Amino acid sequence: MSNNAFQISVMPGDGIGIEVMEAATAVLQAVEKRHNLGFRLINTPGGAHHYKDTGTPMPESSFETAEKADAILFGAMGWPDIRFADGTEIAPQLDLRFRLELFAGVRPIRAIPGVPLALASPHASEIDFVILRESTEGLFASRGKGTVENDQTARETMVITRDTTERLSHFAFRLAERRAERRGRKGLVTIVDKSNVFRAFAFMRKVFFEVARAYPQVEARHNSIDAMALDLIRKPWDFDVLPMENMFGDILSDLGAGLVGGMGFAPSADVGAKHAMFQPSHGSAPDIAGRGIANPTAMILSMAMMLDWLGEQHGSASCIEAAAEISTAIDAAFGSGAVRSCDVGGQDGTGAITRAVIERLGKTGH
């Protein structure tokens, strides 16, 4: 192990979050040895069951641990029968996004070899785009602030600011640049909005195109949210990086996951200027929790995203290589037909998939 270990705040949470976290940390330990890396994993409590037992969804000590860590690795939190008094879910991940200013929700949507796809088109295997969900404002800025007046009218307020839109746009173009370099093709950023109806979105689009002028090597486009929902079914392989408001990103990222096999194959990251949190896009899945059949792929890929981010942040080629090796091993495990997860009609559970990925680390080029 390296003498300078990265400190990782590990938040397994609830339900299958605990199971897929075990899978991800097993893979992390495998690449740690292979690449002479060091990780100090700090178990950090929180979640719906923690709220039920203690009255708080995430103690302040957990937030402090997360804030001090080099990265946060997050499983899943929430449980249908455990709610706040107003009926809303227990969601410490949202608190972390706001408190740590994790404005960029990075949600890659990529077809994995061997995984059944929703579309029959021969181009479906080319699906490889990123939904970039602004995570701190938009409609979610109203979280906890909405009002119900005389049991007749409910109100929530959407917020779009220049500062956050500029940060998100710069992030989008820089991400497109990195993807273009790795994929050997020109980058494309398409902002998704509803600017034909709402001033806030017209403002967001205006700011986006102002930022776009600083990135002439990346193509900038725009699309309306309703048209994008259609185009993600018609021709998802045409897109690259898709920045959008919080609620739109929340919805379209699930649609995107459905294109490539479901939530079990959908990783994500929430990135800010100083901090980042990595988690699968799926929830705690109470219906399958404890049965050993949860698909850990999204969690493992989220952990790979963490390694890639740590590598970029700290100039660690070993972290970047380890991240690429994990992605390649997942492709090899599913692409060879060695495993097929239960969520896509297979019989391989959490442990079998984890072992298949670890067995293929370093055995194919990347």
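**View 1. Arg99 sits over the ring of Phe63 in this predicted model.** Arg99 lies over the face of Phe63. Its distance from the ring centre is 3.6 Å.

**View 2. Arg133 is placed over the ring of Phe140.** Here the distance from the ring centre is 4.8 Å. Arg133 lies over the face of the Phe140 ring.

**View 3. Phe173 and Phe208 form a stacked pair.** The structure holds 10 aromatic pairs. In the pair of Phe173 and Phe208, the ring centres are 5.3 Å apart. Their planes meet at 20°. Planes under 30 degrees apart count as stacked, so this pair qualifies. The pair links distant parts of the chain. Phe173 belongs to helix H5 (residues 162-183). Phe208 belongs to helix H6 (residues 199-212). The two are 35 residues apart. Phe173 is buried, with a relative accessible area of 0%. Phe208 is buried too, and its relative accessible area is also 0%.

**View 4. Phe173 also stacks with Tyr215.** The centres of these two rings lie 5.1 Å apart, with the planes at 5°. That angle is under 30 degrees, so the pair is stacked. Phe173 lies in helix H5, while Tyr215 lies in the loop between H6 and strand E9 (219-224). The pair therefore ties together parts that are 42 residues apart in sequence. Both Phe173 and Tyr215 are buried.

**View 5. Four residues make up one aromatic cluster.** The members are Phe173, Phe208, Phe209 and Tyr215. The stacked pair of Phe173 and Phe208 is shown in View 3. The stacked pair of Phe173 and Tyr215 is shown in View 4.

How values were computed: Residues are numbered from 1 along each chain as its sequence is written. This is a predicted model: local features need pLDDT of at least 70, side-chain atom pairs count only at pLDDT 80 or more; totals for chains, interfaces and linings use all residues. Side-chain values use heavy atoms; hydrogens and water are left out. Rings of Phe, Tyr and Trp (its six-membered ring) pair if their centres lie within 6.5 Å; planes under 30 degrees apart count as stacked, over 60 as edge-to-face and the rest as tilted. Helices (H or I, at least four residues) and strands (E, at least two) are DSSP runs, numbered from the N terminus. Buried means under 20% relative accessible area, exposed over 50%, partly exposed in between (1.4 Å probe, protein chains only). A charge sits over a ring if NZ of Lys or CZ of Arg is within 6 Å of the ring centre and within 35 degrees of the ring normal.
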